[in-house]
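Biologist: Please walk me through this model, feature by feature. Start with how to read a side chain's surroundings.

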Amino acid sequence: MARYTLSIPTQLQAAIQLPASKSISNRALIIHALARSTQVLSNLSDCDDTRVMINALKHLEDVIDIGAAGTSMRFLTAYLSVAEGTHTITGSERMQQRPIQVLVDALRILGADISYKRKEGYPPLLIRGTSLKGGKVSLRGNVSSQYISALLMIGPVLPEGLSLQLTGDIISRPYIELTLQLMRDFDARAEWISGQEIRVWAQPYRGRSFLVESDWSAASYWYQLAALAEKAAFDLDGLFANSYQGDSRGAEVFSKLGIETVFTEKGVSIYKKENAVTYLEEDFIDIPDLAQTLVVTCALLGVHFRFTGLQTLRIKETDRIHALVTEMRKLGYVLKDEHDSVLMWDGERCEPEAVPVISTYEDHRMAMAFAPAALKFPQMRIADPQVVTKSYPGYWEDLKKAGVRIDNQ
């Protein structure tokens, strides 16, 4: 079992070509397939999740194994419901423990032929593609936005379109907006008609060439390094000032932790300034993928925090709330969680482990969020570091470009 030990200089400078956005890549691939387009999608992500999506759409085998790719499971479930043929879609052991009933029930209301092959409400699924008419469907707004996006993206190919009513609080709204914007980029007609309802008209997609933006989630780990180092300056290529990605708000949050962002022709340049706060309160309802990064960053900076809106973290690649509480304790930080949606740190410490080994729980973001902690804990080791291939395959190599020494223990 691989374990990485990192030696990170206290002063850092590098130019990094960030990976392409997985969120944009996977949505563009589904829309591209629904459009039956032959145009080119440029700068697609080379991460595991996108490779899985490309392979599944290219071959459409009888049994499609998407491994740990949650986005692929949700998006392909909707796509296969309107595609020709009969397919079984399955995944890793953890994927078979992640609920999908909310999406399946919504698709069944639209006429989809889906059955569970093992446990009710969970993959694997047997999907018989059919011609869905479309119509109205209601969904709780506090479920994963990927369920909502999966339904929205098939809307334009349904003869009656789709009217999606969202009830209660709507979480991860930027991911829904990202989906709608990408749909419109491919000539779909989709828009909010009220604060709780989205209408998608029966107007088929038109194929086009498309350039995928770099990933703001990946950028967050460089912001984190800059915040924890004594001095740092990074050029991060491929990011857009008017980004579709909700995680671009990370630049605003990190500004409170002393990181300045300057947009350039190639992307952004970020610089270490003085840390401006001693306490940070943030609602992560729209940016849950940044939670791990900012929990680790704030604690190591001595910034007390209260982070809300974390309810989706329980059903990610792992239970991220449990994972954060467990692994931060190894570093000597006692976090508290409330109501399955709040994490806080009031400064309470415990004795850190002499040689902490950070478990990554088959979760790419655990590895990348904890790696910069080696600045403060040089004896720390990262277990199963290969999990980063899920979203940022070149992460360790990029760290080496910045002068980080990585030893495989």
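Biologist: Is Tyr223 buried or exposed?

Modeller: Buried means under 20% relative accessible area, exposed over 50%, and partly exposed in between, with a 1.4 Å probe and protein chains only. Tyr223 has a relative accessible area of 2%, so it is buried. Trp216 is at 2% relative accessibility, so it is buried too. Note the basis: this is a predicted model, where local features need pLDDT of at least 70 and side-chain atom pairs pLDDT 80 or more, while totals for chains, interfaces and linings use all residues. Residues count from 1 along each chain as its sequence is written, and side-chain values use heavy atoms, without hydrogens or water.

Biologist: How many aromatic pairs are there in the whole structure?

Modeller: Rings of Phe, Tyr and Trp (its six-membered ring) pair if their centres lie within 6.5 Å; planes under 30 degrees apart are stacked, over 60 edge-to-face, the rest tilted. The search finds 13 pairs. Take Trp216 and Tyr223: their planes stand at 35°, so the pair is tilted, with centres 6.4 Å apart. Phe305 and Phe307 are stacked, at 4.5 Å between centres and 20° between planes. Phe305 is buried because its relative accessibility is 1%. Phe307, at 0%, is buried.

Biologist: Which residues form one aromatic cluster?

Modeller: Tyr4, Tyr221, Tyr392, Tyr395 and Trp396.

Biologist: Which charge lies over the face of Tyr122?

Modeller: The test is NZ of Lys or CZ of Arg within 6 Å of the ring centre and within 35 degrees of the ring normal. Lys119 passes it over Tyr122, at 4.6 Å from the ring centre. Arg173 does so over Trp192, with its charged end 4.7 Å from the centre.

Biologist: Now the sheet. In what order do the four strands run?

Modeller: Helices (H or I, at least four residues) and strands (E, at least two) are DSSP runs, numbered from the N terminus. Strands pair if DSSP finds at least two bridges between them. Here the order is β4-β5-β7-β6, an open sheet with mixed pairing. β4 (63–65) and β6 (113–116) each have a single partner strand, so one side of each lacks a neighbour in the sheet.

Biologist: How many bridges join β6 to β7?

Modeller: Four, and the two strands run antiparallel; β7 covers residues 125–128. Ser115 has Leu126 of β7 as its bridge partner.

Biologist: Which helix packs on the sheet?

Modeller: Contact means heavy atoms within 4.5 Å. Axes are lines fitted to C-alpha atoms, for helices over the stretch in contact, with angles from 0 to 180 degrees between N-to-C directions. Helix α3 (residues 70–82) touches β4, β5 (86–90), β6 and β7, and its direction makes about 170° with that of β5.
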